[in-house]
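I opened this notebook to keep a record of what I looked up, entry by entry, and of where each look-up led.

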Amino acid sequence: MDSEHSADHRPDEPWVMPREYEIGGVRWFSEASREMARALHPLLAQVTRSELAEGPPPQPEGAPLPSEASSLYRPMAVRHEWTVSIEDVAAFNLDQFLADLHALADAMGGQMVRGMLEHISAVTEEYGNTLDASGRDFFDVFADALETIDTTFDEEGRPNLTIVMHPDQMEKLRDKQPTPEQEARINAILDRRREEWLASRRRRDLP
């Protein structure tokens, strides 16, 4: 057999990946990055998620939203640059892939938490649902906040509340405790809110 027709000179067989492999890979990658982001950012993990069958069309970046758009809905841009080395791909470097996936999830989660808090701040400012805490005791401000927000409770009657603050402020409050008067006021507000919540649930069960 002539050398130019030998097996070593035959063209490589085309590599074909079934479509279901691609779909499964994309689904795994999406779910893995999303769940890792929630594990890395506990505040994000507390946010419930709902899937929309149809949402508003995406707006070009920087374009103003339509006048009829609700302020309760805002698109959020999340970006991350992932550079892949061809050597790592050829060597099937799983450790590098998982490290890159971790970086992606961390970046995505951090951006989503910041965007979520910015959105909450914008909406509360728009609706006037803010409190000026300048120079005031934290527990007095906390009690005032409880008077203005809707609160739900778990099956054991505990409020579903999450307080988000800057780490420096958290450090200042680490050993601070409410006075007996402040504690009594906070408990009284929570008791009233709990009764209001239970009453609303009972009315919901009526035919």
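The entries below go from the whole chain to its helices, its core and its charged pairs.

**Entry 1, the chain as a whole.** I noted at the outset that this is a predicted model. I then looked up the secondary structure and found 7 helices and 0 strands in the chain, so that the pattern read along the sequence is α-α-α-α-α-α-α. For burial, I found that 16% of the 207 residues in the chain are buried. The accessible surface comes to about 16,700 Å², and carbon and sulfur atoms hold 54% of that area. I also looked up how the contacts are spread along the sequence: of those with a separation of 6 or more, 69% join residues 24 or more positions apart.

**Entry 2, helix 4.** I turned next to helix 4, which runs over residues 94-126 and has 33 residues. From its first C-alpha to its last it reaches 48 Å, close to the 48 Å expected at 1.5 Å a residue. I listed its buried residues as D100, L101, L104, A105, G109, G110, V113, G115, M116 and V123. When I asked what covers these buried residues, I found helix 1 (19-40) and helix 2 (42-45) among the covering parts.

**Entry 3, the two ends of helix 4.** At the start of helix 4, I found a side-chain oxygen of N93 within 3.4 Å of the backbone nitrogen of D95. F92, in the loop between helix 3 (86-90) and helix 4, has a phi near 55°, which is a positive value in a residue other than glycine. I checked whether F92 is buried or exposed, and its relative accessible area of 69% makes it exposed. Just after helix 4, I noted that G128 takes a positive phi of about 70°.

**Entry 4, the nonpolar core.** Which residues make up the largest nonpolar core? I found 6 of them, namely F139, A143, L146, I186, I189 and L190. The elements that give two or more residues to this core are helix 5 (138-148) and helix 7 (180-204). I followed L146 further and, leaving aside residues up to four places away in sequence, found that L146 touches L161, I186, I189, L190 and R193.

**Entry 5, R193 and its charged partners.** Since R193 had come up as a contact of L146, I looked up its charged pairing and found a salt bridge with E196, at 3.5 Å from N to O. Both R193 and E196 lie in helix 7, 3 residues apart, about one turn of the helix. Because an α-helix has 3.6 residues a turn, residues three or four places apart point the same way. R193 counts as buried because its relative accessibility is 15%, under the 20% cut-off, while E196, at 41%, counts as partly exposed. Salt bridges that share partners join E147, R192, R193 and E196 into one network.

**Entry 6, the other salt bridges.** How many salt bridges are there by the rule used here? I recorded a count of 11. One of them pairs R158 with E156, with the closest N and O atoms 3.3 Å apart. In that pair, R158 is partly exposed with a relative accessible area of 47%, whereas E156 is exposed at 62%. I also noted the salt bridge between R174 and E171, where the closest N and O atoms are 3.0 Å apart.

How values were computed:
Residues numbered from 1 in each chain as written. Predicted model: local features only at pLDDT ≥ 70, side-chain atom pairs only at ≥ 80, totals over all residues. Heavy atoms only, no water. Core = buried A, V, L, I, M, F, W, Y, C linked by side-chain atoms within 4.5 Å. Buried < 20%, exposed > 50% of the residue type's maximum accessible area, 1.4 Å probe, protein only. Helix = DSSP H or I, 4+ residues; strand = E, 2+ residues; numbered from the N terminus. Contact = heavy atoms within 4.5 Å. Areas by Shrake-Rupley, 256 points an atom, 1.4 Å probe, with all protein chains shown as cover. Expected span 1.5 Å × (residues − 1). Polar contact = N/O pair within 3.5 Å; in protein donor to acceptor, adjacent residues only side chain to side chain. Salt bridge = Lys/Arg side-chain N within 4 Å of Asp/Glu carboxyl O.
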